[in-house]
Amino acid sequence: MTVAILPLGPKAYFYGWPNNARSDDGQEVEKLLQNIRKDMAITATMGLRDLMLRGQLREAVKQACEQNWDGQKALPYSPEALAHAKRIANTFPSWVQIPECAVDPDGEIGFDWYCDPENLLSISVGTNGRVSFAGRYEGTRRNGSNDFADELPEDVIQILRRLYPQNCESLAA
């Protein structure tokens, strides 16, 4: 008997996860999933969105490669923070806009969703993978930090649902 337990968090089927399969059947399942990921990567829905986001990340880090890149003594981006940022970006819900990407002066990688001055969310991730966030919506302010555990923190998801309710509701219909 073969049992496959797959993480079904956002986009896990698309971006993958560590392959711990040991049996021949497990290796076969992994090959099938790799083929699915390849097929999805060329779709406009998943592939184009991912390319755009990764392009923004690439541009952001290209501008922040050296000490004092902003003329204000900013630290260069951290390769560890970039690795964590890519993992976090893989978990962004498909119903939200692609965020703006930037390197913060402390070397952390930031993602910003800006709807208007009263409705926005900013998250950043550092070398340790900790996600810090600050958001404002409907007159409410929320902030905090959580360790990243292969899914966006629930607080961040809740803020995104408030910023993009029409997109979130259309998926439920």
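What is the order of the five strands in the open sheet? Here are some notes to go with the model.

1. A word on the basics. This is a predicted model, where local features need pLDDT of at least 70, side-chain atom pairs count only at pLDDT 80 or more, and totals for chains, interfaces and linings use all residues. Numbering starts from 1 along each chain as its sequence is written, and side-chain values use heavy atoms, leaving out hydrogens and water.

2. The open sheet has its five strands in the order 1-2-3-4-5, with antiparallel pairing. Strand 1 (100-103) and strand 5 (140-147) sit at the edges with a single partner strand each, so one side of each has no neighbour in the sheet. From one strand to the next, the twist averages 15 degrees. Strands here are DSSP runs (E, at least two residues), numbered from the N terminus, and two of them pair if DSSP finds at least two bridges between them. For the twist, axes are lines fitted to C-alpha atoms, with angles from 0 to 180 degrees between N-to-C directions.

3. Now the middle of the list. Strand 2 (residues 109-116) pairs with strand 3 (residues 119-125) over seven bridges, in the antiparallel sense; there, Tyr 114 has Leu 120 as its bridge partner.

4. Strand 3 and strand 4 pair over six bridges, with Ile 123 opposite Phe 133. Four residues lie between these two strands in their hairpin, and Gly 129 in the turn has a positive phi of about 85 degrees.

5. Eight bridges join strand 4 to strand 5, and Gly 135 stands opposite Arg 142.
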